[in-house]
Amino acid sequence: MAQYYLEPSRTFSEFLLIPNLSTKNCTPQNVDLKTPITKFKKGEQPAISLNIPFSSAVMQSVSDHNMATALARCGGISFIFGSQSVEDQAAMVRKVKEYKAGFVVSRSNLKPEQTLADVLKLKEENQHSTVAITEDGTSSGKLLGIVTSRDYRLSRDSLSKPISEFMTPFSSLIYGTSGITLPEANDLIWEKKLNCLPIVDENQLLQHLVFRKDYDADKENPQGLLDTNKSYIVGAGINTKDYMERVPALVDAGVDILVIDSSDGYSEWQYETVQYVKQNFDVKIGAGNVVDREGFLYLVEAGADFVKVGIGGGSICITREQKGIGRGQASALIEVAEAREQYYKETGIYVPICSDGGIVHDYHITLALAMGADFVMMGRYFARFDESPTKKLKVGNNFVKEFWGEGSNRARNWQRYDSGGKQGLVFEEGVDSYVPYAGSLKENLDKTIHKIKSTMCNCGSLTIEELQNNARITLVSATSLVEGGAHDVIMKDNGLSAE
């Protein structure tokens, strides 16, 4: 006989937080959002922690190297999408790891015998205005000069003009040498009024570039998520089909953590994938998605470093509609969090959980954390920003960005939904859509984080752990949902101003 869950499947919108006493030191600037992303033993520190509880979804329309760099700069993490070739995904990981606390490996390089046309083509491809000119055209060759937009005039210079005739030669460059510290490099930049400082070794081989704009960015983003080498931390998504080929390439590229990207993680395919990674590589791996105690414990037994929770709750996900499986995100998270706490009491091992899907409003993030999530994964939220990989379009009078699910015909990510049968996408579990364009990641993320910190202060909590231990959460009725928004008033038009 089938097993029945007679309690309704709840969503975040059916709950509210009840305030606790806010003490005088409970202010947003005192709130610490640091949170573990990998499992650890009681009394020890996790190998990787996030400075903010945010990760961007493993999706083509969300997480590429640009998003990964931008989010890591703010303290969160991206899992670069795996529905692309192994080589392309590994290349994206390398691009993120090249950012090294101000010391950047040059990604735009040419030879002196190449032409202005080559400079313009490279500039269009990489969107870089600074090009390093090396003897062999590589990022580590002998530095012979630098080209910036100040070195040529398109109205006068021929496209066939050799770079050697208009570049700033090495003899005229101000440069740093191996061993220079970042503060010393930045002092030199400010003293000499430079935009870029090349760093070379004793043989004049190019090592790094240090940019003035990166100094400013680092000062504006003190929460940057860095590894021990001062490079940004980055994750990557894998599947249960080509993992024996994909994982070695990602590890070689420097990936810090992996996650199995699947709509349903309670499977032997995931168990085998986790075990393969754990037995062969020194890299962390998360698994999922699950919606109950059994699924969580199964993946923990396999060796997962964190577990993702949620099936069918994403804004572009139609798994529940197509297959009739899933669970309300709040109900799933509550049960998995209880299983995690019981496991921690019994074993002394804490396994972080990620709430994936079901986030409609910013306060849902705080609710997810209060219910036991250590961090959240979001797609729609991040797809709206400049840093996502999709096009910004004008539809009607509004700007939007494209956003499609990994189970859509556009993504064709059949491996994510594979259950051992036909190799292909037989039916869709995601849609192709637009989301309203919202501007820059940092501007929006700062606002969301302030809301979370403010709510945590209302709950008398200065850390996520305190929130999870002390939060008081209540169910709400359908009528109170109406009461919670603006009601019984005549709303002014947005453009209306008082005379």
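The following paragraphs go through a barrel, an open sheet and a helix pair in a predicted model. Residues are numbered from 1 along each chain as its sequence is written. Because the model is predicted, local features need pLDDT of at least 70 and side-chain atom pairs count only at pLDDT 80 or more, while totals for chains, interfaces and linings use all residues.

Eight strands (DSSP runs of E, at least two residues, numbered from the N terminus) close into a barrel in the order 5-6-16-17-18-19-21-22 with parallel pairing, where two strands pair if DSSP finds at least two bridges between them. Within the barrel, strand 17 (residues 257-260) and strand 18 (residues 284-290) are joined in the parallel sense by three bridges, and Ile257 stands opposite Lys284 of strand 18. Helix 7 (residues 268-280; helices are DSSP runs of H or I, at least four residues) packs on this sheet, touching strand 16 (235-238), strand 17 and strand 18, with contact meaning heavy atoms within 4.5 Å. The direction of helix 7 makes about 170° with that of strand 18, angles running from 0 to 180 degrees between N-to-C directions of axes, which are lines fitted to C-alpha atoms, for helices over the stretch in contact.

A separate description applies to the open sheet of four strands, which has the order 9-10-11-12 and mixed pairing. Strand 9 (109-110) and strand 12 (168-169) stand at its edges with a single partner strand each, so one side of each lacks a neighbour in the sheet. Strand 11 (residues 143-147) runs antiparallel to strand 12 and is joined to it by two bridges, Ile146 having Thr168 as its bridge partner.

Finally, helix 11 (residues 362-370) packs against helix 13 (residues 441-458) at an angle of about 50°, their axes 9 Å apart.

Terms used: Side-chain values use heavy atoms; hydrogens and water are left out.
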